[in-house]
Amino acid sequence: MRRSTVNVGIIIFFVIISVFLYNAGKGYNLLVDNKAITIDGQELQPYAWVNVDVSTSKKPVLLKAGGRDVVFVIGKSHQIHVEIMDEQKNVIKKIEKKFKLTRQSGDLLSIPALGSDVSQWIQKR
């Protein structure tokens with residue numbers, strides 16, 4: 001009886017560890033969008049150039065106005081660094097935020113909404 005209880009305990013332990021590692025190492029594709037967007041009746045225009053770096057992605061993304069790209073990230077918690085640039089690619093504003101990916105948060109990152117400090121800057125596609 002004692003041996004089977006220990007075996008069941010070990011199996012439950014490995015199942016819990018497996019679920020934790022699956023969630024910690026799962027990859028996600030995020031769309032980074034620098035297009036005009038209307039949120040709550042407020043029209044937000046794209047920036048001339050933006051440089052977006054998500055903490056767990058391999059390389060930053062440089063987008064011009066109207067551009068969109070895909071970033072592959074690993075895990076649920078991330079930090080985003082955005083440099084907003086003018087036509088000559090001079091940095092005029094830097095933004096840094098932390099976010100978590102959930103089923104409710106979505107996977108579309110709107111840079112004009114992030115630059116205007118709108119709370120819905122992460123949306124579902």
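A residue counts as buried when its relative accessible area is under 20%. In this predicted model, Trp-121 has a relative accessibility of 7% and is therefore buried. Phe-99 is buried as well, with a relative accessible area of 7%.

These two residues form an aromatic pair. The ring centres of Phe-99 and Trp-121 lie 5.5 Å apart, and the planes stand at 85°, so the arrangement is edge-to-face. Phe-99 belongs to strand β8, residues 91–100. Trp-121 sits in the loop between α2 (111–115) and β10. The pair therefore ties together parts that are 22 residues apart in sequence.

Across the whole structure, the search yields two aromatic pairs. Phe-13 and Phe-14 make up one of them, with an edge-to-face geometry. Their centres are 5.5 Å apart, with 70° between the planes. Phe-13 is partly exposed, at 48% relative accessibility. Phe-14 is exposed, at 51%. Phe-14 lies in helix α1, which spans residues 2–25. Both residues also contribute to a nonpolar surface patch of about 700 Å². The patch is completed by Val-6, Ile-10, Ile-17, Phe-20 and Leu-21.

A further ring contact involves a charge. Lys-89 lies over the face of Trp-49, at 4.2 Å from the ring centre.

The strands were examined next. Four of them form an open sheet in the order β6-β1-β9-β10, and the pairing is mixed. Strands β6 (67–74) and β10 (122–123) stand at the edges. Each has a single partner strand, so one side of each is left without a neighbour in the sheet. Strands of a sheet pair through backbone hydrogen bonds, in either the parallel or the antiparallel sense.

Both senses occur around β1. Strand β1 covers residues 27–34 and pairs with β9, residues 108–110, in the parallel sense over three bridges. Here Leu-31 stands opposite Leu-108, and Asp-33 stands opposite Ser-110. With β6, strand β1 runs antiparallel, and eight bridges join the two. In this pairing Leu-30 stands opposite Val-71. Strand β1 is mostly covered, with six of its eight residues buried.

Side chains of opposite charge can pair when their charged atoms come close. The count of salt bridges comes to two. In one of these, the side chains of Arg-68 and Asp-33 meet at 3.5 Å, N to O. Arg-68 is in strand β6 and Asp-33 in strand β1, so this salt bridge links distant parts of the chain, 35 residues apart. How exposed or buried is each partner? Arg-68 is partly exposed, at 41% relative accessibility. Asp-33, at 5%, is buried.

The side chains of Asp-117 and Lys-97 also meet in a salt bridge, at 3.1 Å, N to O. This pair again links distant parts of the chain, 20 residues apart. Asp-117 is in the loop between α2 and β10, and Lys-97 is in strand β8. Asp-117 is exposed, at 57% relative accessibility, whereas Lys-97 is partly exposed, at 25%.

Strand β8 and the loop between α2 and β10 are thus linked through the aromatic pair of Phe-99 and Trp-121 and through the salt bridge of Lys-97 and Asp-117.

Technical notes. Residues are numbered from 1 along each chain as its sequence is written. This is a predicted model: local features need pLDDT of at least 70, side-chain atom pairs count only at pLDDT 80 or more; totals for chains, interfaces and linings use all residues. Side-chain values use heavy atoms; hydrogens and water are left out. Two strands pair if DSSP finds at least two bridges between them. Helices (H or I, at least four residues) and strands (E, at least two) are DSSP runs, numbered from the N terminus. Rings of Phe, Tyr and Trp (its six-membered ring) pair if their centres lie within 6.5 Å; planes under 30 degrees apart count as stacked, over 60 as edge-to-face and the rest as tilted. Buried means under 20% relative accessible area, exposed over 50%, partly exposed in between (1.4 Å probe, protein chains only). A charge sits over a ring if NZ of Lys or CZ of Arg is within 6 Å of the ring centre and within 35 degrees of the ring normal. Patches are made of residues with over 30% relative accessible area and no salt bridge: like charges are joined within 9 Å, nonpolar side chains (Val, Leu, Ile, Met, Phe, Trp, Tyr) within 5 Å. Accessible areas come from the Shrake-Rupley method with a 1.4 Å probe; for residues, only the protein chains shown count as cover. A salt bridge is a side-chain nitrogen of Lys or Arg within 4 Å of a carboxyl oxygen of Asp or Glu.
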